[in-house]
Amino acid sequence: MSGGRNGRSAAREVWTTSDEEETRDLGERLGREIGPRGRCLLFGEMGSGKTVVAQGMARALGIDVREVQSPSFTLVREHSGPGGTLLHVDLHRLEPRELGAFGLEEILEADALVVVEWAERIPEAWRTGARCFRLERLAEGRRRIREISPC
């Protein structure tokens with residue numbers, strides 16, 4: 001895995017991972033940094049590695065990564081481990097106007113590490129206090145993960 005500070009801003013970092021395991025390892029490291037009550041918003045196209053990053057964050061809480069799958073059809077999955085609770089949210093199937101009825105604002109306030117895939121759908125006002133990452137699929141299974149600030 002390569003990466004680190006890119007020099008443009010103290011809040012931005014860029015990493016390039018060579019495979020899913022490196023992407024998962026980066027997710028674990030970020031999960032430890034963000035902490036068991038943090039907010040992580042993931043932006044990116046289908047197949048960019050958002051769920052793999054979420055698996056790494058789960059591992060940071062002591063949750064078996066095999067339990068963490070894309071919650072596309074259930075929208076939210078809750079996982080508990082010795083280090084805390086992970087709420088894994090996938091907004092792919094929701095329109096921005098549906099978020100209030102869905103209860104996303106309350107989910108973002110939960111006593112858990114909240115990881116949201118397809119965060120493009122979240123209003124900017126709800127992104128306050130979250131760490132935000134844009135993921136991009138590169139050739140040969142590699143991924144580019146860039147911290148974005150402001151979110």
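**A friendly note on helix α1 and its surroundings**

1. Let us start with a pair of charged residues in helix α1. R32 and E28 sit 4 residues apart in this helix, so about one helical turn separates them. Their side chains meet in a salt bridge, with N and O 2.7 Å apart. Please keep in mind as you read that this is a predicted model.

2. Are R32 and E28 buried or exposed? R32 has a relative accessibility of 55%, so R32 counts as exposed, being over the 50% mark. E28 comes out at 14%, and because buried means under 20%, E28 counts as buried. This salt bridge therefore joins an exposed residue, R32, to a buried one, E28.

3. Now look at R24 and E21, which also lie in helix α1. Here the spacing is 3 residues, again about one turn of the helix. The two form a salt bridge whose closest N and O atoms are 2.7 Å apart. R24 is buried, at 11% relative accessibility, whereas E21 is partly exposed, with a relative accessible area of 36%.

4. What about R29 and E33? Their side chains meet in a salt bridge too, with an N to O distance of 3.9 Å. Both residues belong to helix α1, 4 residues apart, or about one turn. R29 is partly exposed at 35% relative accessibility, and E33 is likewise partly exposed, at 43%.

5. It helps to see which of these residues belong to a wider set. A network of salt bridges links E20, E21, R24, D25, E28, R32 and R59. A search of the whole structure finds 12 salt bridges.

6. Next, follow helix α1 to its partner, helix α2, which covers residues 50-60. Two packed helices are described by the angle between their axes and the distance between the axes. For α1 and α2, the axes come within 6 Å and cross at roughly 50°. That angle makes α1 oblique to α2, because it falls in neither the parallel range (under 35 degrees) nor the perpendicular one (65 to 115). The crossing of α1 past α2 is right-handed.

7. Which residues of α1 and α2 meet? On the α1 side they include E21, R24, E28 and R32, together with T23, G27, L30 and I34. On the α2 side they include V52, V53, Q55, M57 and R59. Several of these names will be familiar from the salt-bridge network, among them E21, R24, E28, R32 and R59.

8. One more residue of α1 deserves a look: E22, placed in this helix of residues 20-34. Leaving aside residues up to four places away in sequence, E22 touches M1, T16 and T17. For a sense of scale, E22 and A112 are 90 residues apart in sequence and 24 Å apart in space, C-alpha to C-alpha.

9. Finally, turn to the nonpolar residues. The largest nonpolar core has 20 residues, of which L41, V89, L91, L104, V114, V116 and I122 touch the most other members. The elements giving two or more residues to this core are β3 (39-44), β5 (84-90), α4 (104-107) and β6 (113-117). There is also a second, separate core of 19 residues, which includes W15, I34, C40 and I63. I34 should ring a bell, as I34 is also one of the α1 residues that meet α2.

Note on methods
Residues are numbered from 1 along each chain as its sequence is written. This is a predicted model: local features need pLDDT of at least 70, side-chain atom pairs count only at pLDDT 80 or more; totals for chains, interfaces and linings use all residues. Side-chain values use heavy atoms; hydrogens and water are left out. Contact means heavy atoms within 4.5 Å. A nonpolar core is a set of buried Ala, Val, Leu, Ile, Met, Phe, Trp, Tyr and Cys residues joined through side-chain atoms within 4.5 Å. Buried means under 20% relative accessible area, exposed over 50%, partly exposed in between (1.4 Å probe, protein chains only). A salt bridge is a side-chain nitrogen of Lys or Arg within 4 Å of a carboxyl oxygen of Asp or Glu. Axes are lines fitted to C-alpha atoms, for helices over the stretch in contact, and angles run from 0 to 180 degrees between N-to-C directions. Angles under 35 degrees count as roughly parallel, over 145 as roughly antiparallel, 65 to 115 as roughly perpendicular and the rest as oblique. A crossing is left-handed if the near helix is turned anticlockwise from the far one by less than a right angle, and right-handed if clockwise.
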